[in-house]
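Please look at the structure below with a view to how one strand is enclosed by its surroundings. The notes that follow begin with that strand and then turn to its neighbours and to the contact between chains.

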Amino acid sequence: MEHSYFFITMIYLAAAVIFIPLARKLGLGSVLGYLLAGMVIGPSMLGFIGQEGQDIMHFAEFGVVMMLFLIGLELEPALLWNMRAPILGLGGLQVLITTAVITGGALLLGQPLNASLALGMTLSLSSTAIVLQSLKEKGILSSSAGQSSFSVLLFQDIAVIPMLAIFPLLAGVSSTHTDDGHTLRDNLPAWGQTLMVLGAVVVIIVAGRYLIKPLLRIVARARVRELFTAFALLLVVSISVLMSLVGLSPALGAFLGGVVLANSEYRHELESDVEPFKGLLLGLFFIAVGASIDFKLVLSMPWVIIGLVAALMAIKAIILLTLGKVFRISIEQNLLFGVALSQVGEFAFVLLSFTNQYNILPQATVSIMTAVVAISMAFTPLLMMLYERVIQPRFNVADKNTRQPDEIHLQEKHPVIIAGFGRFGNIVGRFLRVNGIKATILDLDSDRVDALQNLGVKVYYGDASRHDLLEAAGAADAKIIIIAMDTVEQTLEVVKVVRKHFPHLQMLVKAENIPDTYELMDLGVLHIYRETLDTSLRMGADALNMLGIRAYHAHRIASTFRKQEDKALKGLSAIRNDKKLYINTVKERIEELEKLMANDKITRWNSPAQGWDESSLINEANEDQ
Amino acid sequence: MTKILILFAHPALEKSRVQAALLPAIKGMQGVTLHDLYEVYPDLNIDVRHEQSLLLQHDIILFQHPFYWYSAPAMIKQWQDLVLEHGWAYGSTGTALRGKRIGNIITTGGQESSYGKEGWNHHSVEDFLLPFKQTATLCNMQYMPPYIIYGTLRITPSLIQEEVVAYRRMLEELRDGKSLTQ
C-alpha cells in the first residue's frame, strides 16, 4: 500500500491519541497502549502501515538515544560512580550467565555453536525503552528494583559493543560478509579500535565540559527559544553520529553526554526541550514494535512461539531473581526486578538482522525470533501490571519503601528534631544551625537524603512517624519537634505519634492550606504555620509599597492581616463540622467585609494606629480658636 | 562643602501635612542625604554597619521627626540604642563621631507659647531634648540648637509653604558653612 508521508503520520498520531488515553483508562500504562496501537494499525490487522514498520523502527530507535541522554542528565558523575558495583557486578553477571544458559539451551535444541552463541547474546539483552519508560511512569525508578534494573540495562548497552564486534567472527567460512566499512573502526587493528573507542569517549567528556557548556551559554543568550531546542537536538544527534562512526552504541554515547552535562545550569532547559521529542519517538518505536509482530507467523505455529516466549522469559527471570538474591535485593523488589527485565530488548532486532546478514541464522529462524522478541516486549507491561496488582499487595504496604532507616548514633542530645527536610524544613534547619542550635534531621525522601549526605549534611533516612525512630533520634530528651513532612498524611501521622509517645515535645507544624490547618487544630496542635501565608503577605506588602504606600505602614497592615486571618481561622475551625453554620459564618464575614468597604470603614483597621493620628487633636485645636 | 545626613523618622507620614511637605523641598539637594528610616527599616531591624558608615560619610547629623510625647518616635530611640555602640561612638576607644555636629529638626503640634514655664507644657523644647544633648556630648559630638516648627495643628497651607522655604534655606546655610539659626 502506497501512502503519503502525511497519511502515515496521521495514522501514527491518531493511533497514539486514541490508544494511549484508552490504555491509561484501563490502567495499562502508555507503553502497552503504543504497542496495542501498533498491532492494530500494523500489517497483520488493519494494514494501515506495511513493511515500512521496520524502517520506522530504526528511525524511532533514536528515541532510546534521547531517553538515555535524559537519564544521563539526571545522573551526576558522582552518583554514577557510586553505582559502579551494581553496574559491573549485577549487569556483568546477568549478561554472562544469561548468554551462557541460552546458548546451552539452543545447543540442546540442535542449533550449531555459532548460531547458539549469537542467540545467547542477542536474547540476554533487555529493553531499555520499555523498562525505563514503565518504571519512570510508575515513579519507581529510584526504588532498589529500579536502580538495579537501570544498572543492568546500562551494562547491557555497553555489552552491545563487543557483541557487534564478535558477530562477524561467528559468521564462519560461508560468510557473505564483505567489508562494508560502515564504521571507521572496521579498517583498524584491534589496538587501534580500542584507542578509537576510548578516544570517542574522551571527546564526549572533554567537548561536553569545555565546548558544549560555553556554547549553551551563547545559544541561551540569543534568546530564541527554538534555537535552544535545535541546539539540544543537534547535541544528541551529533553524539549519535560520532558514536556510530566509531561503532559504539549511540545510546551509550548520549548517556555519557547527558552525565557530563548533568551539573550544567542549563540542565533543565535541555531536559524540557528534548523530553517531547523523546516521548514521541519512543511512542513511535513502541508502535513499530507492535506493528512488527507477524500474526500470520504466530498463528501458523502458536505453540512453538508461545513456548519460546514463555521459556525465554522464565529463564531470564530466574537468572535475574538469583542474582537479585545474591545482591541482597529484598524479595518484593527482587520480583519486580525479575519481571521488569525478563523480556528481550530492542537491540535484538538489530542483532537479529545482523545474524541474517552474516548467514549465522536462516531467515525462518530470524522471523520466528523477531516475533518472539516483540511478543516478549509486549508482555512486559502486562507482567508488570500483574506484579502490581497481584504480587505487590501481598507484601506489607508499610514495607513498600525498601530502604531501611538509617542507624542513628547520636554523640550528643540535640534539643530539636526536624521531621521532613524538604524546602520548608530545610530553611528552618539552616536558620537554627546558623544560630548554633543543633537538630537531628529525619527525612523520607531517599534521593534528597543521599544528596544531602553527599554534601556532608547529617540527615537520617527514616520515617518520623515510627516512634522507635523518634526515640533513637533523641525525642525523649529533645524540647521541640519541627514537623514539615512532604504530605499532610505524613504530617498527621507524625503529630499523632508525638502526641501519644512524646507528649512533652513542643510541636511546630507546617500546614499547606486551610483544611490541613483545621485537621491540625483538631489534633490540638498549637503552633501551626501555613506554608504560604507569610510569604504572600510579604509580597502583598511589597506590592503596596511599590504603589506608594509607606513601607512601615504596609508592614504593619500585613502583620495585622495575618493576625486577623489566624483569628478568623480559629473561629471557623470550631464550627466547620456544622456545614450550614460554617457556610453561614463565611457568608456573614464576607458581608461584613463588604459593608465595611461600602462604609469606607475599612480604613479603620487599615489606618495607622490612633496614636499617630492627629486629626482629633487638629479638630480640638481649631475648636479652641 | 559640609555634608548633611538627615535621619528622618515618621511612622505615619501619610497622615502628615508639614513633614510631608518638607521632604520634597530637599529632594536631590546637593550635600544633603535624606535617610527615611521607617521606609528603609519597616521591621525596625536596623542595619548597624550601614548606619555607621553613613555617619562617617557626613559632617552634620540631623534627626528630623515629629515631637511625640516630648521626644522622638520609637525608631529614633531604636536607632540610638543600636547604632551608637560602645567602643565606636563612646567609651575610651569610641571616637568615630568626634567633632561631628548633631541636632534635631522638630515639628510640634502645640504653639511656641505652650512651651515654657507659663505654657501648659511647662518646659521648653530644648529642655525636653536634654537626652539628645547629653548623648551628643557623650559621643564627642557638638549638639546644635534644635530647628523647630511650632503649631502644626493649626497651621494653614500658606504658612506651610513659608515653613518649607525657610527649612530649605536653613539647610542651604548649614551646608554652605553658616550656623544653624532660627
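Strand β2(A) is covered on both faces, with A439(A), I441(A) and D443(A) buried on one side and T440(A) and L442(A) buried on the other, where buried means that 20 or more other C-beta atoms, placed from the backbone, lie within 10 Å of the residue's own. This is a predicted model, in which local features need pLDDT of at least 70 and side-chain atom pairs count only at pLDDT 80 or more, while totals for chains, interfaces and linings use all residues. Residues are numbered from 1 along each chain as its sequence is written, and chains are lettered from A in the order in which they are written.

**Enclosure of the strand**
- Because five of the five residues of β2 (residues 439–443) of chain A are buried, this strand is largely enclosed by the rest of the structure; strands here are DSSP runs of E with at least two residues, and helices are runs of H or I with at least four, numbered from the N terminus.

**Neighbouring strands**
- Strand β1 (residues 416–419) of chain A runs parallel to β2(A) and is joined to it by four bridges, pairing being assigned if DSSP finds at least two bridges between two strands.
- I441(A) is the bridge partner of I418(A), and I441(A) also stands opposite V459(A) in β3(A).
- Three bridges join β2(A) to the parallel strand β3 (residues 459–461) of chain A.

**Contact between chains**
- The contact takes 15 residues from chain A and 12 residues from chain B, with residues in contact if their C-beta atoms, placed from the backbone, lie within 7 Å.

Notes:
Contact = placed C-beta atoms within 7 Å. Buried ≥ 20, exposed ≤ 12 C-beta atoms within 10 Å, placed from the backbone.
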